[in-house]
Amino acid sequence: MKTYNVAGKVLIGVWIAAVTAAAFLWLPPAQGFRSPETARIVVFHVPCAILTFVAFLVNAFYSWQYLRSRNPLTDSKANAAAELGMLFAILATATGSLFAMEQWGSAWNWDPRETSIVMLMLVYAAYFVLRGAVEEKSKRARLSAAYALLAFPAMVFLIWILPRIVESLHPTNTLFTRSGLDPTYRVTLWSFFAGLTAVFVWMFRLRVQVEQMESRLQQHRQAVMEPLLTGEQG
Amino acid sequence: MNPLLTYMLVPLLVWAGIFGYLFWLDMRIRALEKRLEEEQSR
């Protein structure tokens, strides 16, 4: 089992490295861009942005699951997904800023998509603040699950609706239409997305493992402390 | 900035973000394992 795990991780690393190399060596400079060479950034930026949405979607799913089952594991999974969503939102913003600097002349343009990702990060930063503010475990899980379910429609609005109703520098519907992207770009972009998704799953499992170990440690401490406390009372 | 440098920075940034986070998780797991062992041996 461990051999398969290691082999899987090596395969993910090789896959992402190969796609990164392909982005430099195989992809031609794209016409129609101010700086055709930097069009390759799209291959890295877009998968990060998609995974941000996926992560927050997973967060909402496990939050809903927690409210249904009150299983602490689902709360850990919701938290792990939110943390990964934040990581990919930061990566999407940083890579997007570098692209904007070359394509639109400024790293930040207050474009609807740029503004909406900042708002999204603030919404989920509040989720972490909420989790940090409540000490009692079940209360924290309940409150943060309810908050995550309220944040979910805001996230859908900020990612899918707002950039489409306001004029934006970002193109829309380029990923799912045949005329949107050159086939070489499409293959590289989705290949990078596949590799990044595998890394996402790997990081998600590790993050959940951290949460489980933390709660095991807490349970162990409680089990040790309880007899001491009752002994004192008696 | 030089366009070549810009598009070399992007994958580097993504790799740094991913591996930085993985490294941090790995460190936490190791630290927790050690603490669990210590607590159980007490």
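Helices are taken as DSSP runs of H or I with at least four residues, and strands as runs of E with at least two; on this basis chain A of the predicted model has six helices and zero strands, and its pattern along the sequence reads α-α-α-α-α-α. The C-alpha trace of chain A spans about 80 × 45 × 30 Å along its principal axes, and buried residues account for 33% of the 234 residues in the chain. Of the contacts in chain A between residues at least 6 apart in sequence, 74% join residues at least 24 apart.

Helix α4 of chain A comprises the 22 residues 112-133, for which a rise of 1.5 Å a residue gives an expected span of 32 Å, and the end C-alpha atoms lie 31 Å apart, which agrees. Buried positions in α4(A) are Arg113(A), Glu114(A), Ser116(A), Ile117(A), Leu120(A), Tyr124(A) and Tyr127(A); viewed down the helix axis, the buried residues of α4(A) fall within an arc of 165°, and they therefore line one face of the helix. These buried residues pack against α3 (72-103) and α5 (137-165) of chain A, whereas the face of α4(A) turned away from the buried side carries the exposed residues Leu122(A), Ala125(A), Ala126(A), Val129(A), Gly132(A) and Ala133(A).

The contact between the chains takes 29 residues from chain A and 22 residues from chain B, and the side of chain B that touches chain A divides into 16 nonpolar, three polar and three charged residues. As to confidence, the predictor assigns the complex an ipTM of 0.89 and a pTM of 0.88, while chain B averages a pLDDT of 87, with 98% of the residues scoring at least 70.

Methods. Residues are numbered from 1 along each chain as its sequence is written. Chains are lettered from A and ligands numbered from 1 in the order in which they are written. This is a predicted model: local features need pLDDT of at least 70, side-chain atom pairs count only at pLDDT 80 or more; totals for chains, interfaces and linings use all residues. Two residues are in contact if their C-beta atoms, placed from the backbone, lie within 7 Å. Ala, Val, Leu, Ile, Met, Phe, Trp, Tyr, Cys and Pro count as nonpolar, Asp, Glu, Lys and Arg as charged, and the others, Gly among them, as polar. The expected span of a helix is 1.5 Å times one less than its number of residues. A residue is buried if 20 or more other C-beta atoms lie within 10 Å of its own, exposed if 12 or fewer, and partly exposed in between; C-beta atoms are placed from the backbone. The arc is that of the directions from the helix axis to the C-beta atoms. pLDDT is the predictor's confidence in each residue, from 0 to 100.
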